[in-house]
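Hi,

Here is the structure I promised to pass on. Have a look at it first, and then read my notes below.

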Amino acid sequence: QDKYMENGKYAGKLKSYPYYIGNRTNCNVYNIALSGSTLAYVASEEKQYSFSADYGAETPSSNNYKSVPSDTDYITLWFGINDSGYNLPIGNDEDTTNTTFKGAYNVVLKHFVENCPKAKIGIIVSNHMPQTYVTATIEMAKRWGIPYLDLNSDDVPLMQATLRNACDDAKANAINKFALSQTNMHPNYYAHEFESRFIEHWMLSL
C-alpha cells in the first residue's frame with residue numbers, strides 16, 4: 001500500500017531513501033542499487049549482481065561501479081548484507097582481487113578515487129550483518145580515508161536489527177516501527193523516510 005512517492009521530482013518512484021533525499025534537495029539521483037547484489041564477485045551468479053565485477057572490454061551493466069558517471073558529486077556505497085549471505089571471504093587489506101570483500105572495496109574505491117576526483121564519497125556501514133563485515137567495512141573506509149556512517153553506532157537513531165546494546169523493549173519497538181515484519185528485517189517505507197533524514201545530514205558533512 002502506498003509504496004510509491006506521491007509527489008515531487010521523484011513521484012512514482014519507490015519510497016526509498018535516495019528519492020526522499022532527491023525530492024528535498026532537487027538533486028539528480030542515479031540509483032544503481034540492484035536487489036540481491038553483492039560488492040564482491042560471486043562466480044555462481046550473473047556478473048550484473050556483483051557491483052565490483054570486472055567486465056573488461058565488455059559494456060558494464062547499469063549497476064556496475066564503472067557505470068558511475070565521472071562527474072558525480074556524491075557517491076554513497078552500502079554493501080555487506082548480501083556478501084555475508086553468500087559467506088564471501090573477508091580477505092585482507094592488501095587484496096586486489098574482487099573475489100574477497102576487502103579486495104572488492106580496494107577495486108571499487110581505487111577506481112572512484114582515480115576517475116571521480118571531485119566526488120564526495122561516503123560508505124554506509126549496514127545494520128543486520130555479522131560483526132566481521134561491519135569491522136571490515138570500517139577498516140576499508142579508514143584505509144581509503146573515506147567517511148562512513150555506522151548504522152550500528154550511537155551516532156544514529158535506533159533502527160531495526162542493529163548490533164547496538166539497547167534493551168529488548170527498545171529493539172522490539174524499532175522492529176515494530178521499521179521492519180517489514182517480525183520475520184523480515186528489511187526496512188519498510190516508513191524506515192526509508194526516517195533514515196533518509198540522518199543520511200542526508202551525514203552526506204552534507206562529507
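Let's start with charge: the protein chain carries 17 positive and 22 negative side chains, and the centres of these two sets sit 5 Å apart. One thing to keep in mind throughout is that this is a predicted model.

Now for the overall build. You'll find 6 helices and 3 strands in the protein chain, and along the sequence they come in the order α-β-α-α-β-α-β-α-α. The radius of gyration is 17 Å, close to the 17 Å that the globule rule gives for 206 residues, so the chain is as compact as a globular protein of that length. If you prefer outer dimensions, the C-alpha trace spans about 45 × 40 × 35 Å along its principal axes.

As for inside and outside, 45% of the 206 residues are buried. The protein chain exposes about 10900 Å², with carbon and sulfur atoms supplying 50% of that area. I also looked at how far apart in sequence the contacting residues are: among contacts with a separation of 6 or more, 55% are between residues 24 or more positions apart.

Helix α1 is a good place to zoom in. This helix covers residues 17-25, and its buried residues are Y17, P18, Y19, Y20, I21 and G22. What do the buried residues of α1 pack against? Their partners are two strands, β1 (74-77) and β2 (120-125), plus the helix α6 (189-203). Just after α1 comes N26, which takes a positive phi of about 65°.

Step back to the segment before α1 and you'll meet K15. Is K15 buried or exposed? With a relative accessible area of 13%, K15 falls under the 20% cut-off, so it counts as buried. Its side chain makes a polar contact of 2.9 Å with the side chain of E6. Setting aside neighbours within four places in sequence, K15 is in contact with D2, K3, Y4, M5, E6, Y20, Y189 and H192. Y20 in that list is also one of the buried residues of α1.

Going the other way, the loop between α1 and β1 holds S67. Its relative accessibility is 18%, so S67 counts as buried too. Which backbone oxygens does the side chain of S67 reach? One belongs to S62, at 3.2 Å. The other belongs to N64, whose backbone oxygen lies 2.6 Å from a polar atom of the S67 side chain. Leaving out neighbours within four places in sequence, S67 is in contact with Y30, I32, S61 and S62, so S62 turns up here as well as in the polar pair.

Finally, two loop residues with unusual-looking backbone angles to check on your screen.

- N87 sits in the loop between α2 (81-85) and α3 (101-115). Its phi is near 55°, a positive value in a residue other than glycine. N87 is exposed, with a relative accessible area of 63%.
- H128 lies in the loop between β2 and α4 (131-143). Its phi is also positive, about 60°, although H128 is not a glycine. H128 is partly exposed, at 42% relative accessible area.

That's what I have for now.

Cheers

Key: Residues are numbered from 1 along each chain as its sequence is written. This is a predicted model: local features need pLDDT of at least 70, side-chain atom pairs count only at pLDDT 80 or more; totals for chains, interfaces and linings use all residues. Side-chain values use heavy atoms; hydrogens and water are left out. Helices (H or I, at least four residues) and strands (E, at least two) are DSSP runs, numbered from the N terminus. The radius of gyration is taken over C-alpha atoms; the globule rule is 2.2 Å times the number of residues to the power 0.38. Buried means under 20% relative accessible area, exposed over 50%, partly exposed in between (1.4 Å probe, protein chains only). Contact means heavy atoms within 4.5 Å. Accessible areas come from the Shrake-Rupley method with a 1.4 Å probe; for residues, only the protein chains shown count as cover. Lys and Arg count as positive and Asp and Glu as negative; His and the chain ends are not counted. The place of a charge is taken as NZ of Lys, CZ of Arg, CG of Asp or CD of Glu. A polar contact is a pair of N or O atoms within 3.5 Å; within protein, one must be able to donate a hydrogen and the other to accept it, and residues adjacent in sequence count only if both atoms are side-chain atoms.
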